[in-house]
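Visitor: I have a fresh model on my screen and would love a tour. Could you walk me through it, one question at a time?

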Amino acid sequence: MTEYRLLIDGKLVHGDMTMAVVNPATEQVLARAPRASRGQLDTAVAAAKAAFPAWAARPINDRRALILRIADQLEARAEEFARLLTQEQGKPLPEAQAEIAYTCAFIRHLAGYDLPVKVIEDNDNRLVRQFRKPLGVVGAIIPWNFPVLIVAFKLPLALLAGNTMVVKPAPTTPLTTLKLGEIIAEILPPGVVNIVTDQNDLGPALTAHPDVAKISFTGSTATGQKIMASAASTIKRLTLELGGNDAAIVLPGADPAKVAPGLFAGAFMNAGQVCLAIKRAYVHGSIYDEVCARLAELAEAAVVGDGLQQGTTIGPLQNRMQFDKVKALLDSARADGRIIAGGTLPGGPGYFIRPTIVADVADGHRIVDEEQFGPILPVIRFDDVEAAVASANGLDLGLGGSVWGEDRDLARSVAERIESGTVWINKHLDFGPNIPFGGAKQSGLGVEFAEEGLAEFTQVRIVNEAR
């Protein structure tokens with residue numbers, strides 16, 4: 001069995017404890033992973049703090065070159081990482097391969113930005129310049145749905161800005177992040193990046209740690225609220241990418257043959273375990289039945305199974321807790337609406353649920369109002385566009401959303417009124433490292449990606465000079 005180790009102060013070390021990592025397709029133990037103690041977390045933070053002055057003092061081009069080497073080495077081991085990702089996370093191998101490719105692309109793009117000095121005022125009286133300086137130690141908390149890619153949302157910009165890091169992956173998917181630590185250990189100076197694992201017990205210690213200047217977290221809204229409270233005592237900077245319950249609005253006149261595949265792909269990627277996935281579809285009554293029928297056909301045609309098996313299009317839920325939650329939502333959906341496809345659990349081991357389409361449900365039903373984070377799509381009929389917009393905006397979450405229709409002016413008008421950080425027209429889940437990404441309402445705080453994301457890892461410093 002492969003050995004996995006923590007990365008602390010440039011060294012690959014054993015955890016003070018261990019924990020089992022389960023393959024969600026088989027429910028068998030895939031590996032024993034290290035589990036860090038509170039003392040090891042404190043050592044990691046201390047190492048990052050000690051490494052910070054020298055790393056921040058390096059020219060940005062030197063930092064950039066080292067970050068790019070990480071992408072090169074990951075790309076060289078892409079297939080190894082993809083297979084391990086499928087085994088620990090569950091997603092089909094083609095999706096895992098795409099995640100590794102996207103990770104390399106994100107690292108390379110995000111490492112390309114600069115931090116120029118901005119001259120605010122230059123006249124006979126004064127010279128006012130704005131600098132962007134690094135914050136210090138950044139704690140990055142990574143979720144289990146994209147355990148490699150989401151590291152690349154945070155690490156390149158944090159390091160490019162001159163910060164050092166402590167990265168904490170999810171306890172159910174730590175292996176690929178730890179493997180990434182092997183690459184980092186060979187490239188970066190000791191202490192610049194540290195990787196520690198836990199059983200969800202070290203998060204409060206990391207978020208409250210007095211030597212951590214910023215937390216960048218991706219995960220649930222409930223956990224984000226706890227992090228905000230924990231960070232208050234030290235006034236930490238925060239970037240929070242939290243839960244979503246993304247609505248898709250299918251307008252009258254939309255072509256069901258065009259729309260249904262886009263809705264299905266937007267809802268069921270990674271078995272629906274995507275923060276930005278379509279979680280509820282509002283479809284105009286004039287095309288409701290046909291859209292439902294086409295979605296049902298796609299769901300029935302999906303191949304559910306182990307992600308390493310050729311032809312699999314839908315893998316398992318990632319862990320037992322999520323599996324049990326989605327099963328409960330499925331029972332609720334069966335009581336409130338009409339299941340027209342899926343709704344079954346294949347026999348045998350593994351956290352599998354067939355992709356499920358639920359018709360004849362409405363706002364107020366649990367399957368509509370709660371983020372299911374699994375392979376279930378409720379489809380809600382509407383007759384008035386304004387009512388659909390009100391429904392889409394009726395929850396306290398606002399991460400993403402989409403509008404589908406042939407009338408481009410109407411689609412744009414609706415999109416501009418959706419209260420979400422990102423709204424797509426005639427597509428969903430299209431994003432990139434050059435496009436700022438953040439949530440509205442209780443779906444997040446701050447921005448990731450692009451120049452705006454880089455700024456989140458810096459402190460503005462004004463130098464105001466008399467002439």
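Visitor: Is Arg129 buried, partly exposed or exposed, and what is its relative accessible area?

Guide: Happy to start there, and please keep in mind that this is a predicted model. Buried means under 20% relative accessible area and exposed means over 50%, with partly exposed in between. Arg129 therefore counts as partly exposed, with a relative accessible area of 26%.

Visitor: Which residue forms a salt bridge with Arg129?

Guide: Side chains of opposite charge can pair when their charged atoms come close. For Arg129, the closest N and O atoms of the pair are 3.9 Å apart, and the cut-off for a salt bridge is 4 Å. The partner, partly exposed at 33% relative accessible area, is Glu465.

Visitor: How many residues apart in sequence are the parts that Glu465 and Arg129 tie together?

Guide: Glu465 lies in strand S22, residues 458-466. Arg129 lies in strand S6, residues 126-134. The pair thus ties together parts of the chain whose separation in sequence is 336 residues.

Visitor: How many salt bridges does a search of the whole structure find?

Guide: The search covers the whole structure, and the Glu465 and Arg129 pair is a salt bridge too. The total found is 29.

Visitor: Which residue meets Lys154 in a salt bridge, and are the two buried or exposed?

Guide: The N to O distance in this pair is 2.9 Å. Lys154 is in helix H5 (residues 149-160), and its partner is in the loop between strand S21 (444-445) and helix H15 (450-455), 294 residues apart. Both side-chain owners are buried, and the partner of Lys154 is Glu448.

Visitor: Glu448 makes me curious about the annotated site. Which residue does the UniProt annotation "active site" cover?

Guide: The annotation comes from an unreviewed UniProt entry, and such annotations may be inferred rather than shown by experiment. The residue is in strand S11 (residues 237-241), and its contacts include Glu448, Phe217, Cys275 and Ser443. With a relative accessible area of 4% it is buried, and its name is Glu241.

Visitor: Which residues are joined into one network by salt bridges that share partners?

Guide: Start with Arg320 and Asp324, whose side chains meet in a salt bridge at 3.5 Å, N to O. Both lie in helix H11 (residues 320-336), four residues apart, about one turn of the helix. Arg320 is partly exposed at 37%, and so is Asp324 at 34%. Shared partners extend this to a network of Glu27, Arg320, Asp324 and Lys327.

Visitor: What is unusual about Glu27, and what is its phi near?

Guide: Most residues other than glycine have a negative phi. Glu27 sits in the loop between strand S3 (17-23) and strand S4 (28-35), and it is partly exposed at 29% relative accessibility. Its phi goes against that general trend, being positive and near 60°.

Visitor: Now the sheet, please. What is the strand order in the open sheet of seven strands?

Guide: Its edge strands, each pairing on one side only, are S14 (338-341) and S19 (422-425). Inside, strand S12 (residues 246-250) runs parallel to strand S18 (residues 400-404), joined by four bridges. The pairing in the sheet is mixed, and the order reads S14-S15-S16-S13-S12-S18-S19.

Visitor: Which helix packs on the sheet and touches S12, S18 and S19?

Guide: Its direction makes about 170° with that of S19. Ala411, Val414 and Ala415 are its buried residues, and they cover an arc of only 100° around the axis, so they are on the same side of the helix. Those buried residues pack against S12, helix H13 (385-392), S18 and S19. The helix, residues 408-415, is H14.

Visitor: One last stop: how buried is Val368, in relative accessibility?

Guide: Val368 is found in helix H12 (residues 366-369). Among the residues it touches are Asn245, Arg280, Tyr282, Pro378 and Leu395. It counts as buried because its relative accessibility, set against the 20% cut-off, is 1%.

Technical notes
Residues numbered from 1 in each chain as written. Predicted model: local features only at pLDDT ≥ 70, side-chain atom pairs only at ≥ 80, totals over all residues. Heavy atoms only, no water. Helix = DSSP H or I, 4+ residues; strand = E, 2+ residues; numbered from the N terminus. Buried < 20%, exposed > 50% of the residue type's maximum accessible area, 1.4 Å probe, protein only. Contact = heavy atoms within 4.5 Å. Pairing = 2+ DSSP bridges. Axes fitted to C-alpha atoms, helices over the stretch in contact; angles between N-to-C directions. Arc of directions from axis to C-beta. Lists of a residue's contacts leave out its neighbours within four places in sequence.
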